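Me: I would like to learn how to read a structure, feature by feature. Can we start with the open spaces in the surface?

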Amino acid sequence: MVSEGGESGRTAIWDEEIKECYIQNSVHKVTMKSANDPFFFLYTFCLYGEKGVFESVVSRISIAHLTKEKLKETVFPVPPIYEQERIFKFISAKTTKIDQTITKIKKQTDLLQEYRTTLISEVVTGKIDVRT
């Protein structure tokens, strides 16, 4: 599924998680040929969105519109399936590691914030003497 308007090119995979899926006309349904890895193309679409590729081809009056015709004209790399799978696995492993690092840093930041709050409270209440 690819968003046409607003954040043009925003992409998600629907893998029949629910029995029926209805989409509005501002969402494009892109069907992968069996010889392609949909997750490789998910990352490719995300990259195109991040790097402004879709933004450079959209029709714009007030809100950007990535029309079906513009989407069809957009050129995508199509390496052999084994390369698509290798690229997806590589990116997935790296993003997992990055996500884990972000989670660890967030926990550390939260602990530092808690320590700061405790320290301020103890100084204000006189539990810690800061006079020299």
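Reply: A pocket is an open set of grid points with protein on both sides within 12 Å along at least five of seven lines, and lining residues have an atom within 4 Å of a point. Keep in mind that this is a predicted model.

Me: Which residues lie nearest the centre of the largest pocket?

Reply: First the general idea. Rolling a probe the size of a water molecule over the atoms shows where empty space is left. Now the case here. Ile 13, Trp 14, Val 30, Thr 31 and Met 32 lie nearest the centre of the largest pocket. The full lining has 17 residues.

Me: How much space lies in the largest pocket?

Reply: About 420 Å³.

Me: Which element gives the largest share of the lining?

Reply: Helix 1, residues 38–50, with five residues.

Me: What does the lining of the largest pocket have by class?

Reply: Twelve residues are nonpolar, two are polar and three are charged.

Me: Next, salt bridges. How many does the structure hold?

Reply: The idea comes first. Side chains of opposite charge can pair when their charged atoms come close. The structure holds two salt bridges. In one, the side chains of Asp 110 and Lys 106 meet at 3.0 Å, N to O. In another, Arg 131 pairs with Asp 129, with 3.0 Å from N to O.

Me: Where do Asp 110 and Lys 106 lie?

Reply: Both are in helix 4. They are four residues apart, about one turn of the helix.

Me: How should I read the exposure of these residues?

Reply: Use the relative accessible area. Under 20% is buried, over 50% is exposed, and values in between are partly exposed. Asp 110 has 39%, so it is partly exposed. Arg 131 is exposed, and Asp 129 is exposed as well.

Me: Which residues make the nonpolar surface patch?

Reply: Tyr 115, Leu 119, Val 123, Ile 128 and Val 130 make it. The patch covers about 430 Å². Tyr 115 is found in helix 4, residues 81–124.

Me: Is Tyr 115 buried or exposed?

Reply: Tyr 115 counts as exposed because its relative accessibility is 55%.

Me: Now sequence distance against distance in space. How do I read a pair?

Reply: Set the separation along the chain beside the C-alpha distance. Take Thr 11, in the loop between strand 1 (2–3) and strand 2. Thr 11 and Phe 41 are 30 residues apart along the chain, and their C-alpha atoms are separated by 9.4 Å. Thr 11 has a relative accessible area of 19%, so it is buried.

Me: What about a pair that starts in helix 1?

Reply: Glu 50 is in helix 1. From Glu 50 to Arg 10 it is 40 residues in sequence and 9.3 Å in space, C-alpha to C-alpha. Glu 50 counts as exposed because its relative accessibility is 70%.

Me: How far apart in space are Leu 71 and Ile 102?

Reply: Their C-alpha atoms are separated by 33 Å, with their positions 31 residues apart along the chain. Leu 71 is found in helix 3, residues 68–73. At 11% relative accessibility, Leu 71 is buried.

Me: And how far apart in space are Val 27 and Arg 116?

Reply: They are 46 Å apart, C-alpha to C-alpha, and 89 residues apart in sequence. Val 27 has its place in strand 2, residues 27–28. With 24% relative accessibility, Val 27 counts as partly exposed.

Methods: Residues numbered from 1 in each chain as written. Predicted model: local features only at pLDDT ≥ 70, side-chain atom pairs only at ≥ 80, totals over all residues. Heavy atoms only, no water. Patch = residues over 30% accessible without salt bridge, like charges linked within 9 Å, V, L, I, M, F, W, Y side chains within 5 Å. Areas by Shrake-Rupley, 256 points an atom, 1.4 Å probe, with all protein chains shown as cover. Salt bridge = Lys/Arg side-chain N within 4 Å of Asp/Glu carboxyl O. Helix = DSSP H or I, 4+ residues; strand = E, 2+ residues; numbered from the N terminus. Buried < 20%, exposed > 50% of the residue type's maximum accessible area, 1.4 Å probe, protein only. 1 Å grid on protein atoms, 1.4 Å probe; cavity = no way out; pocket = protein on both sides within 12 Å on 5 of 7 lines; lining within 4 Å. Points joined across faces, edges and corners; volume = space filled by probe spheres on them. Nonpolar A, V, L, I, M, F, W, Y, C, P; charged D, E, K, R; others polar.
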